[in-house]
Amino acid sequence: MCPMDRRAFLASVTGGVAAASMDAGVDVMVHAGAQPTAPTGGLVDPAFRPLPLGAVRPAGWLARQLRLQADGLSGSLDRFWPDVAQSEWFGGTAEGWERAPYWLDGAIPLAWLLDDGPLKERITGYVDYIVSHQRSDGWYSPYPVHAVGKRYDLWAILLANKVLAQYHEATGDPRVLESVVKSLRAMLAGLDRTPLYAWGRFRWYEGLVSIFYAYERTGEPWLLDLARKLRAQGVDFQTLFQAEDIAVPSPRRGLWKWTKHVVNSAMAPKASALTWRLDGRAEDGDFALEMIEMLDRYHGQVNGMFSGDETLSGRNPLQGTELCAVVEFMYSLETLFSVFGNPVFADRLERVAFNALPATLSPDMWSHQYDQQVNQVQCTINPEHGWSTNGPESNLFGLEPNYGCCTSNMHQGWPKFASHLWMKTADEGLVATSWAPCRVQARLRDVDVSVSVDTDYPFRDTIRLTVAPSRRARFPLLLRVPAWAHGATVRVASGAEMPMTRATLHRLEREWDGSTDVWIRLPMRSAVSVRYNEAVAVERGPLVYSLQIGEQWTRVNTDKPHRELPHADFEIRPTTPWNYGLIVDERRPEDSIRFEERPVGERPFSPDGAGVVATARGRRIPDWKIVRGWAGDLSIADLAWADPERPVTDQPVEEITLIPYGCTNIRLTEFPHLRT
Ligand SMILES: [Zn+2]
């Protein structure tokens, strides 16, 4: 797990820009982003501003991934799944709360990033319906007519306004911004009658996204009063994380708790970034890292997430993480990086995006899990499940395993990752948040600039940028150098290779003219991390590696509605052995693990499409068996490999194949550690 560097973080919050070299007048390195301005009665500026939707377009493998997504469930849900297709939000009689807004939250950026005409047209129809059916009192049509006299959980409206703000950014349709402002005004008065409760009380900060969006375009001061009112009525996670038993994993079939809900825990880290923009309180700046550190310490998983099935459930790799938490944590990290400019958040974002996200979606993007496990050797309907509160279907790949929230919310993961790949700096340069192939169009210092990013990263360690301003111009590019990238270098055109310092944003400022190639190298070294119960996991660069296991997919739930292909439910069982210990010297993993590049597949995150394959050495542990439908607990394996009376060394050494975690559907990731 990437360590959080408090000093680097504080340096970025206070705008501590440490120039390491200014000689030659071209290349300058800094440790953090542009300095946020002090509060002046309005909002504190973020370190970096996301570019308007559509300014960053996916290319290469990322374009293929988004196309798969649009051709899969994301581009089809509104055609057949009642909770979206017949949503009350769109004039139907099905669910009228969070599901249609959730779907739009991902479908809007997906459609506009791909410039997918038919999908854009359908979305425009849905948004037209929402806006044209907004009532004169400002409430949207699913809000109960008599809600004034009843309690109504505002969470869905906080979400809907965030979605509509995104649509406004994509299209500029003025009616949509007017709708958002009317809705927010209704909320300002409504909160006095009906204070936040339930989901709205735990997710109040999502409202700040649309409030800030509207404030920055209208300057209406009451909007900031509304933001403060939401904060005052909402849960204070700083207090919660001191008082609540956050450190304790939820017991098997334990008690569902608001305070330990994994999706709330994944959404809430951005609360401190958003409230920091309200008044620049230093403690808000500190807390995001403290919160993530606590989640890591007690519930952290090697895939960049923390467990929650669906309440926080400890570090055991058999526990699950809900898909909603994955995509929400990504959005939190995008927000945190934007506001605070600390590259540690972007490192973490890549960890989640390249590992946890693709692993829990099927390679064709038609099915998904509710819960993924780091050690997941089979996915079956399992009445003997060991989740804290989820049900027996939670790790199936299917249409709506366990519950339909993830079915509607999963869509935002890849598109928002793509749209946040580059952001604008306060001094009108560009900063690379994450590395993936894309094309960027931005206006910097009154000059149109295009940047092409050509790379198969994270499956390769080289990146070529082609920077082309419309006329000669000087501006900076801030290149994120991950914390793991020892020996990173950059070369401009035919110039000399220059070193870059890891865990920084390397500032490359020069006079750009014509088309200039910039070559970046982020060397990836293999590493072994020691995890739960002394098990070991293999990492290299931003990717975690897992045992490749042969898999048999079996259709299930064929009698349930809407399970016809291609959006069916599947169990997956292993067809090859999985119960291996890994022979590795954790100080010299390169002695026993060999990495080999392969072409990145049409489906980049699939067992067959893996762009890197590793060969390692292991021995089978015959006593380690499937228990209650899962890979047993590592403590069971402990008995076999740690007991000198029953040495595992009587098993032959075998070559085993590891592939990126994100390319697997079933896998073993945390291995019992064998020395020989
Ligand atoms: Zn969910």
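**Close-ups of the zinc site and some helix pairs**

With a relative accessible area of 7%, Cys405 falls under the 20% limit and therefore counts as buried. The views below all come from a predicted model.

**View A. A zinc ion held by four residues.** Cys405 (SG) is one of the donors here, joined by Glu322 (OE), Cys324 (SG) and Cys406 (SG), and the distances to the zinc ion run from 2.1 to 2.3 Å. The four donor atoms make angles of 96 to 122°, and the site is tetrahedral. Read along the sequence, the donor residues follow the spacing E-x1-C-x80-C-C. Two of these cysteines tie distant parts of the chain together: Cys324 sits in helix α16 (residues 323-340) and Cys405 in helix α18 (residues 405-409), 81 residues apart. Cys324 is at 1% relative accessibility, so this donor counts as buried.

**View B. Val263, a neighbour of two zinc donors.** Val263 belongs to helix α13 (residues 262-267). Is Val263 buried or exposed? Its relative accessibility is 2%, which means that Val263 counts as buried. Leaving aside residues up to four places away in sequence, Val263 touches Arg203, Glu322, Cys324, Ala325 and Glu328. Glu322 and Cys324 from that list also coordinate the zinc ion. As for Thr311, 48 residues separate it from Val263 in sequence, while the C-alpha atoms of the two are 8.5 Å apart in space.

**View C. Helix α14 packed on helix α16.** Here is α16 again, this time with helix α14 (residues 269-279): the pair packs at an angle of about 30°, and the axes are 8 Å apart. Angles under 35 degrees count as roughly parallel, so that is the label for α14 and α16. Their crossing is left-handed. On the α14 side the contact is made by Pro269, Lys270, Ser272, Ala273, Leu274, Trp276 and Arg277. Facing them from α16 are Glu328, Phe329, Tyr331, Ser332, Thr335, Leu336, Val339 and Phe340. Glu328 turns up in View B too, among the residues that Val263 touches.

**View D. Helices α5 and α6 at a slant.** Helix α5 (residues 99-114) and helix α6 (residues 117-132) have axes that come within 9 Å and cross at roughly 140°. The two helices are therefore oblique to each other, and the crossing is left-handed. From α5, the contact takes in Trp103, Leu104, Ala107, Ile108, Leu110, Ala111 and Trp112. From α6 come Leu119, Lys120, Ile123, Thr124, Tyr126 and Ile130.

**View E. Helices α7 and α8 running opposite ways.** What angle do helix α7 (residues 155-171) and helix α8 (residues 174-193) make? They pack at about 155°, with 9 Å between their axes. Anything over 145 degrees counts as roughly antiparallel, so α7 and α8 get that description. α7 passes α8 in a left-handed crossing. In α7, look for Ile157, Leu158, Asn161, Leu164, Ala165, Tyr167 and His168; these meet Pro174, Val176, Leu177, Val180, Ser183, Leu184 and Met187 in α8.

**View F. Arg588 in a loop between strands.** Where does Arg588 sit? Look in the loop between β20 (580-583) and β21 (594-597). Arg588 has 42% relative accessibility and so counts as partly exposed. Arg99 is 489 residues from Arg588 in sequence, and their C-alpha atoms are 48 Å apart in space.

How values were computed. Residues are numbered from 1 along each chain as its sequence is written. This is a predicted model: local features need pLDDT of at least 70, side-chain atom pairs count only at pLDDT 80 or more; totals for chains, interfaces and linings use all residues. Side-chain values use heavy atoms; hydrogens and water are left out. Donors are N, O and S atoms within 2.8 Å of the metal (3.2 Å for Na, K and Ca); water is not among the atoms, so sites may look incomplete. Four donors count as tetrahedral if all angles lie between 85 and 135 degrees; four count as square planar and six as octahedral if opposite donors are over 155 degrees apart and all others between 65 and 115; anything else is irregular. Helices (H or I, at least four residues) and strands (E, at least two) are DSSP runs, numbered from the N terminus. Buried means under 20% relative accessible area, exposed over 50%, partly exposed in between (1.4 Å probe, protein chains only). Axes are lines fitted to C-alpha atoms, for helices over the stretch in contact, and angles run from 0 to 180 degrees between N-to-C directions. Angles under 35 degrees count as roughly parallel, over 145 as roughly antiparallel, 65 to 115 as roughly perpendicular and the rest as oblique. A crossing is left-handed if the near helix is turned anticlockwise from the far one by less than a right angle, and right-handed if clockwise. Contact means heavy atoms within 4.5 Å.
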